[in-house]
Amino acid sequence: MTNNEELYDAILNGRLETAVAVTRQMLAAGADPHGLIDHSMIRAMEEIGARFEAGKAFVPNLLMSARAMKGALELLRPMLKGGNASSSGKVVIGTVKGDLHDIGKNLVASMLEGCGFEVVNLGVDVSSERFIEAARTEQADIICMSALLTTTMSYMKEVVAAVRTSGLDVKIMVGGAPVTEHFAQCIGADGYSSNANAAVTLARRLVLG
Amino acid sequence: MGSSRYAPDPAMRSETKRLIAEAARHCQPHYIYTIYPCTKAGTTELVVGEERFRIGTILAKSFAAATHCAAFAATAGMEFDCWMHGEEVAGDILLQFIVDAIGSEIAEATVRLTVKDVAAQAGQRQMNCGNPYSPGYCGWNIAEQHRLFRLLPSNPCGIRLNASGLMTPIKSVSGIVPLGHDVVKMAYGCAICNKKDCYKNRIKD
């Protein structure tokens, strides 16, 4: 097994220590950080995401892969700064005001990060003002909103309206257990995804316009 | 852990076991409740003590026979919250997931104890006890949390509300329980409610 395959395998199977050790070893041998990301890490995250969507992997598997990816990425980060690395896009993500459920939202954030997006995670109970301010400051391509409760998802409509009024050139995607494609269309969001892997696909599509 | 089809591997089992043991050192479950007379107002509202709640049609049915109700708050405690948001757990998405699940179980178990206690008290007054219901669920808006907390002592069990009505510690549950001579403990709301967009019904599907 080559080092690239070993790294791919470690991330796919959620083995943090192995992922970090192999990355360190490859960097010491002069590997290109961008090559590691493109050829091993993102491919592994895409594969675990596809397995999840096909019902062959579960939330803990996704989380373990995301954790391994993050560990390896931490080693690469200092080498990416100031370089000519280009991200897939920048996403501001948060759980809407009145809602504190963040496991699903954090999973989406990890998958986006693992698949090459820059992610600004605003946490929970996020107001429309905070979404707009962060999207403006960070020059985000996408605002990503999550809600778990039927009583809080209606706040997404307020955020969409406030973003449109603000004139910000940003796409809006929504998700969360009670949210549907129909609801997303009704409130004027640009897209909806039902799971973390689909969220990555949607974000890529939205960034490409 | 998110799916009944998920079979945790030995590493996941061992990590979960370790965190449950650790959680036992950090959790300090508490609960408090107060019993009030209540009356229904129309088909969607409930007046408890001096507070009027818009509980919606789904919950109103569960309070149809209630003459009293218990307002309650229960929590896994602030120390659990600090651990959950501390460096070890918050910096690791897998630990976050497991600890979140453990915290929810502790909070729910504390609610079960609360309801057991309420039922015993109600029994002494020849009243039956129904299921507990919380703001944010079953169409009852989370904003009414502030009104609910006016029925309890200030910062009950150390729980504080923010402007949106969310509780700190996070692993806390508040709500009301219907009581009355003719209250019948039905199957839990989720078993009989068909609210299409509720995540609990989606899980059921």
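**Confidence, domains and a cavity in a predicted model**

Trainee: Where in chain B is confidence lowest, and where is it highest?
Mentor: In chain B of this predicted model, the low point is helix H7 (residues 189-192), with a mean pLDDT of 62, and the high point is strand E4 (residues 68-75), at 98. The pLDDT is the predictor's confidence in each residue, from 0 to 100, and helices (H or I, at least four residues) and strands (E, at least two) are DSSP runs, numbered from the N terminus.

Trainee: And what does chain B average?
Mentor: The average pLDDT of chain B is 90, and 91% of its residues score at least 70. Local features need pLDDT of at least 70 and side-chain atom pairs 80 or more, while totals for chains, interfaces and linings use all residues. Residues are numbered from 1 along each chain as its sequence is written, chains are lettered from A and ligands numbered from 1 in written order, and side-chain values use heavy atoms, without hydrogens and water.

Trainee: Switching to chain A, which domains does it have?
Mentor: The assignment, which is automatic or from a database, gives domain 1 (3-80) and domain 2 (90-208) for chain A. The C-alpha centres of these two domains of chain A lie 25 Å apart.

Trainee: How much area is buried between them?
Mentor: About 1,000 Å² is buried between domain 1 and domain 2 of chain A, and carbon and sulfur atoms give 69% of it; buried area is the accessible area (1.4 Å probe) lost on putting two parts together, summed over both. On the domain 1 side, Met45(A), Glu53(A) and Leu62(A) lose the most area to domain 2 of chain A, together 34% of what that side buries.

Trainee: How many cavities turn up in the whole structure?
Mentor: The search finds two cavities of 30 Å³ or more, and the largest holds about 50 Å³ of space. A cavity is a set of points on a 1 Å grid where a 1.4 Å probe fits but cannot get out, with lining residues having an atom within 4 Å of a point; its volume is the space filled by probe spheres on the points.

Trainee: Which residues line the largest one?
Mentor: Its lining consists of Ala66(A), Met69(A), Lys70(A), Leu73(A), Ser110(A), Glu113(A) and Gly114(A). Helix H4 (59-80) and helix H5 (103-114) of chain A each supply at least two of the lining residues, and H4(A) gives the most, with four. At least three lining residues come from each of domain 1 and domain 2 of chain A.

Trainee: Back to chain B: which peptide bond is cis?
Mentor: The bond from Thr168(B) to Pro169(B) is cis, with omega near 0 degrees, and Pro169(B) sits in the loop between strand E7 (167-168) and strand E8 (172-180) of chain B.

Trainee: What is phi at Cys138(B)?
Mentor: Phi of Cys138(B) is near 55 degrees, a positive value in a residue other than glycine, and Cys138(B) is placed in the loop between strand E5 (128-129) and helix H6 (145-149) of chain B. Asn155(B) also has a positive phi, near 45 degrees, and lies in the loop between H6 and strand E6 (160-161) of chain B.

Conventions
On a 1 Å grid over the protein atoms alone, a cavity is a set of points where a 1.4 Å probe fits but cannot get out, and a pocket is an open set with protein on both sides within 12 Å along at least five of seven lines; lining residues have an atom within 4 Å of a point.
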